Amino acid sequence: MRQPGPARPHGPAPGSGGARRWRRTAAVAALALAAAGCGVRGTSVPVDAGGAPSRVSCKVPEGDAPASPGEVQVTVYLVCSSTLTPVERTVPLTKAPADGARLQAARALLGELQKQPLSAEEEAGFSSAVPEDVEVTGPRAADAADALRLSVRPDDLPSFALAQLVCTYGMSAALGRTHAVILGGPGGDAAHRYECSDEVLTHPDIAQNTSWGGPLSRKG
């Protein structure tokens with residue numbers, strides 16, 4: 001009776017082209033399984049994930065001492081993480097005629113927005129987009145009594161700069177804290193009302209939308 005010979009291994013015969021292909025296929029399958037086991041998706045090209053995203057606090061340490069005699073504390077709105085955040089500043093208190101107190105306050109606030117952020121503010125991630133050459137004057141004869149005129153058309157300002165001005169002026173106690181401000185430019189265009197809403201604070205880039213400006217102002 002014929003005895004059975006040794007069992008032949010499964011797969012192509014050693015040394016054949018099929019065997020080499022079989023080994024390559026097995027190796028690729030093993031690598032794919034290893035990658036799947038680690039929760040990593042296979043890829044044929046190197047992937048650079050980049051550095052970890054930087055984080056800023058958007059919080060400035062509060063000063064221990066209040067404003068000294070001859071100074072007053074004001075609030076300005078600076079840019080941090082693409083939003084507007086209130087920051088306290090201390091400015092000199094100067095006397096002005098009653099009819100010029102509002103304009104003086106507006107100029108002082110504008111000057112604070114045009115300054116470079118203080119070291120603590122910069123470390124916390126704050127910046128300002130308000131150009132250094134912008135100036136502010138009082139209303140014209142046909143403007144509302146509480147209107148302010150800028151040396152550049154409001155809608156020609158960078159959107160973040162316009163939002164900073166609107167919220168700084170609109171939330172200022174010295175300017176009435178009306179949550180809005182009437183702004184005009186140097187030309188003959190009528191001044192418009194701009195509101196400092198929650199949407200403006202969180203999305204300052206909407207400042208240049210034509211629908212953001214309110215209706216034409218009326219003489220007060």
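Which residue takes a positive phi in the hairpin of β1 and β2? Hold that thought for a moment, and keep in mind that what you're looking at is a predicted model. The residue is S81, with a phi near 55°, in a hairpin that has 2 residues between its strands. S81 sits in the loop between β1 and β2, and that positive phi comes up although S81 is not a glycine. As background, most residues other than glycine have a negative phi. If you like scanning Ramachandran plots, there's another residue to look up: R177, also something other than glycine, has a positive phi near 50°. You'll find R177 in the loop between α4 and β5.

Let's stay with the hairpin a little longer. Strand β1 covers residues 71-80 and strand β2 covers residues 83-92; they run antiparallel and are joined by 10 bridges. To get the register straight in your viewer, pick out two of the pairings. V79 has L84 as its bridge partner in β2, and T75 is matched with E88 in β2. While you're tracing the strands, remember that in a regular strand the side chains alternate between the two faces of the sheet.

Now zoom out. The protein has 5 helices and 7 strands, and reading along the sequence gives the pattern α-β-β-α-α-β-β-α-β-β-α-β. There are 220 residues, of which 30% count as buried. The accessible surface comes to about 14600 Å², and carbon and sulfur atoms own 55% of that. As for how the chain connects with itself, take the contacts between residues at least 6 apart in sequence: 58% of them join residues at least 24 apart.

Next stop, the inside. The largest nonpolar core has 39 residues, and the members touching the most others are L148, Y169 and L183. Several elements each supply at least two residues of this core: β1, β2, α2 (101-114), β4 (148-150), α4, β5 (180-184) and α5 (198-202). Helix α4 gives the largest share, with 7 residues.

L183 is a handy place to park the camera. Setting aside residues up to four places away in sequence, L183 touches L148, L150, P154, L162, V166, Y169, A191, H192 and Y194. One name on that list, P154, is worth following. P154 is in the loop between β4 and α4, and its relative accessible area of 7% is under the 20% cut-off, so it counts as buried. The C-alpha atoms of P154 and L183 are 6.9 Å apart, although the two residues are 29 places apart along the chain. Leaving out neighbours within four places in sequence, P154 is in contact with L162, L183, G184, G185 and Y194.

Helix α4 itself spans residues 159-170, and A163 lies in it. With a relative accessible area of 0%, A163 is buried. Measure from there to H203 in your viewer and you should get 9.0 Å between the C-alpha atoms, for a pair 40 residues apart along the chain.

Past α4 comes the loop leading to β5, which holds S172. Is S172 buried or exposed? It's buried, because its relative accessible area of 9% falls under the 20% limit. Beyond its neighbours within four places in sequence, S172 is in contact with L109 and R177. That brings back R177, the residue with the positive phi near 50°.

One last stop is a glutamate. E121 belongs to helix α3, residues 119-123. How should you class a glutamate with a relative accessible area of 1%? E121 is buried, since 1% is under the 20% cut-off. Not counting residues up to four places away in sequence, E121 touches V60, L78, V87, R89 and F126. Two of those take you back to the hairpin where we started: L78 falls in the range of β1 and V87 in the range of β2.

Definitions and conventions: Residues numbered from 1 in each chain as written. Predicted model: local features only at pLDDT ≥ 70, side-chain atom pairs only at ≥ 80, totals over all residues. Heavy atoms only, no water. Helix = DSSP H or I, 4+ residues; strand = E, 2+ residues; numbered from the N terminus. Buried < 20%, exposed > 50% of the residue type's maximum accessible area, 1.4 Å probe, protein only. Pairing = 2+ DSSP bridges. Core = buried A, V, L, I, M, F, W, Y, C linked by side-chain atoms within 4.5 Å. Contact = heavy atoms within 4.5 Å. Areas by Shrake-Rupley, 256 points an atom, 1.4 Å probe, with all protein chains shown as cover.
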